[in-house]
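The following note is offered to accompany the structure shown below. Please read each numbered point with the model open.

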Amino acid sequence: MDQQSFAGDYGIIDTLDSVTKATLAAMSETPDARLREVMDSLVRHLHAFVMEVRPTEQEFEQGLGFLNAIGQATHAKHNEAVLFSDVMGVSTLVTMINNGEGGPLEPASALLGPFWRLNHPITEHGASIVRCDTPGPALFARVRVVDTSGAPVAGAEVDVWHASSVGMYDVQDENQVEWNLRGKFITDADGRFHFRSIKPIGYPIPCHGPAGALVNAQRRKPQRPAHIHFLAHKPGFKTLISQVFVADDEDINRDVTFGVTRHLIGDYRAETGPAPDADVTGTWFSLDHVLVLAPGESVLPKPPID
Ligand code: BEZ
Ligand code: FE
C-alpha cells in the first residue's frame with residue numbers, strides 16, 4: 001500500500017517571526033519545484049504585508065469578505081477576478097513580463113480583459129461586424145499580420161471585439177444581438193483582412209462588484225479609453241493578444257486597467273472622401289494597423305466568460 005510521507009516538524013510557535021519560519025518550513029518539501037518557489041515567495045511577501053499593515057481583526061474580516069465577493073460576483077457572463085487583476089495593474093505587469101522581451105521593449109501585447117469569448121463567428125473580409133442597430137461613425141479597418149521579419153502570415157485567425165456606442169459588450173447588453181461587434185477573420189496570402197464597424201468609444205468597467213467598489217473608494221475614474229481588441233492565433237506563433245487605442249480619447253492617460261502603451265495607440269483617421277461602402281455619407285474613420293506575431297507556442301487563453 002502507498003504510504004504518503006509528510007513534511008517534517010517545524011516547531012512550536014512562540015514569536016511573530018516563528019509563524020513565518022514555520023509556514024515556509026511546512027511548505028519547503030513541496031515536490032513540484034515551481035509550486036514550491038511560488039508559494040515560498042507568496043508567503044514571504046504576504047507575511048511582510050501583514051506585518052507592515054498590522055490589520056485589525058475587523059479589517060481582516062473585510063479583506064476575506066472582499067476575496068469571497070470576487071468569487072460570488074463571478075458567473076458565466078462576468079469574471080470579477082480578471083477585473084480585479086486588471087484594476088490592480090497585475091494583468092498589465094504579467095503581459096509585459098511575458099511579451100516584448102520580458103519588459104524592456106514596449107510590447108504589442110495587451111491584457112485580454114474579461115470579455116473575450118471562444119468561437120467568434122467567422123466573417124468575410126470586408127463584411128461588417130455591426131450585427132444589429134448600433135449607432136456610431138462608420139469605421140473601415142485594414143489589418144495586416146506579419147512575422148518578426150515583416151513577412152506576411154497567411155491563414156492566421158484573428159478575433160476582433162469591441163464595445164458598442166453605449167460602452168457595453170454584447171454579453172452585457174440585452175439590446176445587442178449575440179456576437180454584435182465581434183468577428184473572426186482569416187488572413188489572406190498577404191497576411192491581410194479588412195472589416196467594417198463603428199469607431200469605438202471609451203467605456204466604464206463594470207462597477208457592480210468588489211473591484212468597482214475598490215476603484216470608487218479610491219476616487220479613480222473607472223474608465224477605459226476607446227479601443228478595439230485583437231487576438232491573433234496561428235500554430236508556430238505565440239498567440240498575440242492586443243488592443244488598438246484611439247489617440248484623442250480624453251482618458252488615454254488614465255486607463256483604469258493601465259493597458260495603454262505607445263505601441264498600442266492606433267492610427268484612426270477621420271476621412272471625408274468617398275467611403276468603401278456607398279451607404280456611408282459624411283465623415284467616416286479608417287484604421288490601418290499591423291499585428292506582428294513572434295515565433296512561439298500558439299496557446300489560446302482560457303476564455304474569462306462563456
Ligand atoms: C476590456 O477591455 O474589455 C476590459 C478590460 C478590463 C476591464 C474591463 C474591460
Ligand atoms: Fe475592451
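1. A pairing between two strands is a convenient place to begin. Trp 161 has Arg 182, in β3, as its bridge partner. This contact belongs to the pairing of β2 with β3, which is antiparallel and extends over 5 bridges. Within the same two strands, Val 158 stands opposite Phe 185 of β3. It should be kept in mind that the model is predicted.

2. The strand β2 also pairs with β7, again in the antiparallel sense and over 5 bridges. Here Glu 157 is found opposite His 233, a residue of β7. Strand β2 therefore has pairings with β3 and with β7, both of them antiparallel.

3. How many residues of β2 are buried? The number is 4 of its 5 residues, and the strand is mostly covered. In β3, too, 4 of the 5 residues are buried, so the rest of the structure largely encloses this strand.

4. The loop between β2 and β3 deserves attention for its backbone. Trp 179 lies in this loop and has a positive phi of about 75 degrees, although it is not a glycine. Leu 181 is placed in the loop between β2 and β3 as well, and its phi is also positive, at about 60 degrees, again without the residue being a glycine. These values merit a remark because most residues other than glycine have a negative phi.

5. Are these two loop residues, Trp 179 and Leu 181, buried or exposed? Trp 179 has a relative accessibility of 18%, and it counts as buried because the limit is under 20%. Leu 181 is buried with a relative accessible area of 0%.

6. Which residues coordinate the iron ion (ligand 2)? They are Tyr 169 and Tyr 203, each through its OH atom, together with His 227 and His 229, each through NE2, at 1.9 to 2.1 Å. In sequence, these donor residues follow the spacing Y-x33-Y-x23-H-x1-H. Two of them connect distant parts of the chain: Tyr 169 belongs to the loop between β2 (157-161) and β3 (182-186), while His 227 is in strand β7 (residues 227-233), and the pair is 58 residues apart.

7. The geometry of the iron site is irregular: the angles among its 6 donor atoms run from 54 to 164 degrees. Tyr 169 is buried, with a relative accessible area of 1%. His 227 likewise counts as buried, at 1% relative accessibility.

8. A separate matter is a nonpolar patch on the surface. Leu 42, Leu 46, Phe 49, Val 50 and Val 53 make up this patch, with an area of about 430 Å². Val 53 is located in helix α2 (residues 33-53). Its relative accessible area is 42%, so Val 53 is partly exposed, a class that lies between the limits of 20% and 50%.

9. Finally, some values for the whole protein. It contains 6 helices and 11 strands. Its C-alpha atoms fill a box of roughly 80 × 40 × 40 Å, taken along the principal axes. Of the 306 residues in the protein, 42% are buried.

Note on methods:
Residues are numbered from 1 along each chain as its sequence is written. Chains are lettered from A and ligands numbered from 1 in the order in which they are written. This is a predicted model: local features need pLDDT of at least 70, side-chain atom pairs count only at pLDDT 80 or more; totals for chains, interfaces and linings use all residues. Side-chain values use heavy atoms; hydrogens and water are left out. Donors are N, O and S atoms within 2.8 Å of the metal (3.2 Å for Na, K and Ca); water is not among the atoms, so sites may look incomplete. Four donors count as tetrahedral if all angles lie between 85 and 135 degrees; four count as square planar and six as octahedral if opposite donors are over 155 degrees apart and all others between 65 and 115; anything else is irregular. Buried means under 20% relative accessible area, exposed over 50%, partly exposed in between (1.4 Å probe, protein chains only). Patches are made of residues with over 30% relative accessible area and no salt bridge: like charges are joined within 9 Å, nonpolar side chains (Val, Leu, Ile, Met, Phe, Trp, Tyr) within 5 Å. Accessible areas come from the Shrake-Rupley method with a 1.4 Å probe; for residues, only the protein chains shown count as cover. A salt bridge is a side-chain nitrogen of Lys or Arg within 4 Å of a carboxyl oxygen of Asp or Glu. Two strands pair if DSSP finds at least two bridges between them.
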